[in-house]
Amino acid sequence: MRIRNKLLLAMALPVVLLVIQIAAVHYFVLQLQSAVIFIGKAHSVIEADFKAAEEVARLRSSVKQIPARYVSADSEESEEAKGLRGDWERLAREIDTIRASTAIAAVDPAAVEAVVSAYWEVDDQYRQTEGVIASGVSELDTLLERAIFIDKALERLSAALNQLTIELRKQLQLAVDREREIHDQPAIAGIAIGGLAVVLLIAFTWLYVERHFVRRLTGLSSSMLAIAGGNLRTALPSTKGRDEIGEMAQALAVFRDTAAEVEENNLREIASARQRLVDAIESMTEGFSLYDRDDRLVLSNRQYRDLLYPGMSELIKPGVSFESIIRNAAEASLVKDAEGRIEEWVAERLARHRNPTGSFVQRRGDGRWIEVVEHRGSAGGIVAIYTDITEKKQAESALLEEKRRTDEANALVLEKNRQLEALSTQLSKYLSPQVYSSIFSGQQSVEIASKRKKLTVMFSDIAGFTETSDSLESEELTALLNSYLTEMSKIALDHGATIDKYIGDAIMMFFGDPETRGVKEDASACIAMAMAMQQRMTELGDEWRARGLEKPFQLRIGINTGYCTVGNFGSEDRMDYTIIGNEVNLAARLQSLAGLGEILMAHETYCLVNDLVEAEEQPATRVKGFRHPVRNYKILEQHDKLVEEGRMIRVAEEGLQISLYLDKLSAAERKNKIDSIEGVLKRLRD
């Protein structure tokens with residue numbers, strides 16, 4: 001009989017007992033798990049029931065206060081109403097928790113139905129009462145009636161919850177009793193059946209496996225280990241058995257005989273392979289050497305001897321030490337690096353040979369360059385390959401010389417580039433950064449050309465500059481003017497303005513070319529820049545007064561938006577990037593009309609930015625070059641600043657625009673605005 005069949009037959013009974021044990025334990029564990037889950041869910045439902053009862057008690061107390069709270073109350077929702085709604089929502093959540101639990105399936109359905117019915121009755125009474133309160137009814141009788149109805153409904157709900165708690169506690173006690181009853185049964189069944197299975201397995205192992213399998217396998221294993229150790233003449237166990245162990249013994253005998261034959265064949269193959277290896281090494285164009293762990297030559301080819309040690313063929317033979325070979329080579333002046341320092345070089349070469357780290361280059365006495373690649377083999381010896389790289393080194397020398405010449409040329413180019421960069425930096429001071437960038441990036445060509453674009457133009461001028469300059473020395477005036485222009489230019493560049501030119505104490509700037517963010521955005525940026533300049537001038541005025549200036553500078557600013565001609569004007573030898581047109585002239589006229597510290601803007605600019613600033617329309621004025629009077633506006637404040645100071649309420653979203661100037665509204669006007677907003681809110685809710 002096969003060993004597998006014997007083992008399966010002998011182990012069938014213990015396996016069956018183990019299966020029975022697993023099934024029994026699994027059954028009892030499922031029963032115990034079911035009881036524990038029900039107990040947990042029942043506890044959760046009882047806890048929710050208690051919380052619901054507490055909410056009912058709280059609601060009953062709150063409901064009794066309804067008549068007193070809502071008699072003559074206004075229609076706005078009070079804190080008490082919010083609190084009552086919160087109590088009701090918490091009650092609803094607890095009722096939902098009770099209904100959602102699977103534990104109530106074990107309770108009398110009538111008790112659950114009583115809770116649900118009472119809850120819906122309370123819900124109906126509560127919603128009716130909310131409707132009465134929301135309608136503004138304040139009669140005491142009506143409110144008393146609603147409070148009584150809710151209280152009675154809550155009383156019935158409280159009774160239903162108490163009955164449900166009693167039913168749940170009964171089922172909980174039954175589950176606890178069941179859990180205690182079956183708690184120890186899985187362990188008892190597992191110990192009993194498992195113990196019996198263990199006893200049967202021990203008996204089977206002792207009486208059958210030891211005699212029929214272990215002893216025979218031990219003998220077979222000893223024979224196999226001996227053969228693996230190379231003893232092909234070791235004794236083998238009996239091969240008379242008809243089972244697998246007997247077949248293994250027969251196979252081992254065949255294997256031993258075959259291994260002996262293979263060993264003889266391998267010895268012949270090794271000798272043949274060694275000869276083929278020697279032939280291959282001899283055919284290599286590189287030198288080859290193999291040294292053992294004691295640094296004695298094992299194998300080398302003819303190229304190794306001819307390339308490294310010409311005239312020393314009698315010395316280069318197996319068994320010679322590496323130190324002896326290299327010392328003789330150094331003494332024969334075959335190595336350039338060893339000249340005048342033979343002992344030092346031999347020590348260095350031995351250290352590198354015994355601890356190979358890759359390739360290195362060696363210069364020979366006849367001028368050749370040899371690349372040496374050494375690495376340690378698995379048996380501890382050193383394998384080395386020697387390649388003649390004289391042509392490569394000569395090519396590298398030529399490349400290094402060429403690189404030196406190239407580096408010199410590059411250094412000259414870099415110096416020229418540095419000079420050009422310095423010149424470019426100096427030239428940039430005479431151009432607006434946007435114009436400078438567009439020219440040097442290639443976006444704009446330097447030629448006489450122009451185009452029509454809608455731009456926002458700004459002129460700023462210092463009021464009373466002539467009178468102030470008469471009282472200052474030229475050095476002081478120059479420093480003061482440069483300080484003013486520097487501060488204004490920083491603000492202009494921060495806001496993205498293109499500075500056209502400085503005209504004495506005046507500055508001409510525009511937005512929209514060579515870069516634009518859109519007509520509205522350009523106008524908004526210009527307004528923000530103008531207000532920032534006025535703010536900075538106020539700060540500078542305080543600083544100048546502290547330094548003794550009696551009449552600090554004050555700005556007048558004019559802004560206009562319209563189509564202008566922009567581009568390069570002049571001759572082929574000298575040109576200027578600027579703008580021309582009536583819209584430019586209008587901005588200059590508005591600047592001359594502005595008062596001290598004021599900003600005037602034309603009507604088109606106002607239309608673009610009226611949602612950002614508060615402005616006051618000035619009387620229409622006739623200006624030179626325009627047939628009709630020009631509408632203009634004086635900027636007062638930015639909306640964002642008014643909002644920040646609490647003087648304005650502003651909401652600007654898609655589909656919604658609200659602007660309220662609080663400091664301009666009387667008490668009656670505020671009441672009217674509130675009524676209007678509430679009317680809008682009511683329409684939105686409906």
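How many salt bridges does the structure hold? The answer is 25, and since this is a predicted model, each one described here is read from predicted coordinates. Let's walk through a few of them, then stop at a lysine and an aspartate that have other stories to tell.

Side chains of opposite charge can pair when their charged atoms come close. A good place to begin is Arg354, whose side chain meets that of Asp295 in a salt bridge, with 2.9 Å from N to O. Arg354 sits in helix α10, which covers residues 342-354, while Asp295 belongs to the loop between β1 (287-291) and β2 (297-300), so this pair ties together parts that lie 59 residues apart in sequence. The two partners also differ in their surroundings: Arg354 is partly exposed at 41% relative accessibility, whereas Asp295 is buried at 10%.

Now move along the chain to Asp513 and Lys451, whose side chains form a salt bridge of 3.5 Å, N to O. Here, too, distant parts of the chain are linked: Asp513 is in the loop between β8 (506-511) and α15 (519-546), Lys451 is in strand β6 (residues 449-463), and 62 residues separate them. Asp513 is buried, with a relative accessible area of just 2%, while Lys451 is partly exposed at 43%.

Strand β6 also carries Asp461, which forms a salt bridge with Arg556. Their closest N and O atoms are 3.1 Å apart. Because Arg556 lies in strand β9 (residues 554-570), this pair ties together parts that are 95 residues apart in sequence. Asp461 counts as buried at 12% relative accessibility, and Arg556 as partly exposed at 21%. Elsewhere, salt bridges that share partners join Glu401, Arg404, Arg405 and Glu408 into one network.

What about a charged residue without such a partner? Asp505, found in the loop between β7 and β8, is buried yet has no salt bridge. Which side chain of opposite charge is nearest to Asp505? That is Arg556, 7.0 Å away; the cut-off for a salt bridge is 4 Å, so this pair does not count as one. The side chain of Asp505 does reach the backbone nitrogen of Ile462, at 3.2 Å. Leaving out residues up to four places away in sequence, Asp505 touches Ser460, Asp461, Ile462, Phe465, Leu481 and Tyr484. Asp461 in that list is the residue that forms the salt bridge with Arg556.

Next, look at Lys501 in strand β7, which spans residues 498-503. Lys501 is partly exposed, with a relative accessible area of 25%. Its side chain makes a polar contact of 3.0 Å with the side chain of Thr578. Apart from neighbours within four places in sequence, Lys501 is in contact with Ala506, Ile507, Met508, Asp576 and Thr578. Lys501 and Tyr577 are 76 residues apart in sequence, while their C-alpha atoms are 9.4 Å apart in space.

Finally, follow helix α15. Its 28 residues reach 41 Å from the first C-alpha to the last, close to the 40 Å expected at 1.5 Å a residue. Just after α15, Gly548 takes a positive phi of about 105°.

Note on methods. Residues are numbered from 1 along each chain as its sequence is written. This is a predicted model: local features need pLDDT of at least 70, side-chain atom pairs count only at pLDDT 80 or more; totals for chains, interfaces and linings use all residues. Side-chain values use heavy atoms; hydrogens and water are left out. Helices (H or I, at least four residues) and strands (E, at least two) are DSSP runs, numbered from the N terminus. Buried means under 20% relative accessible area, exposed over 50%, partly exposed in between (1.4 Å probe, protein chains only). Contact means heavy atoms within 4.5 Å. A polar contact is a pair of N or O atoms within 3.5 Å; within protein, one must be able to donate a hydrogen and the other to accept it, and residues adjacent in sequence count only if both atoms are side-chain atoms. The expected span of a helix is 1.5 Å times one less than its number of residues. Lys and Arg count as positive and Asp and Glu as negative; His and the chain ends are not counted.
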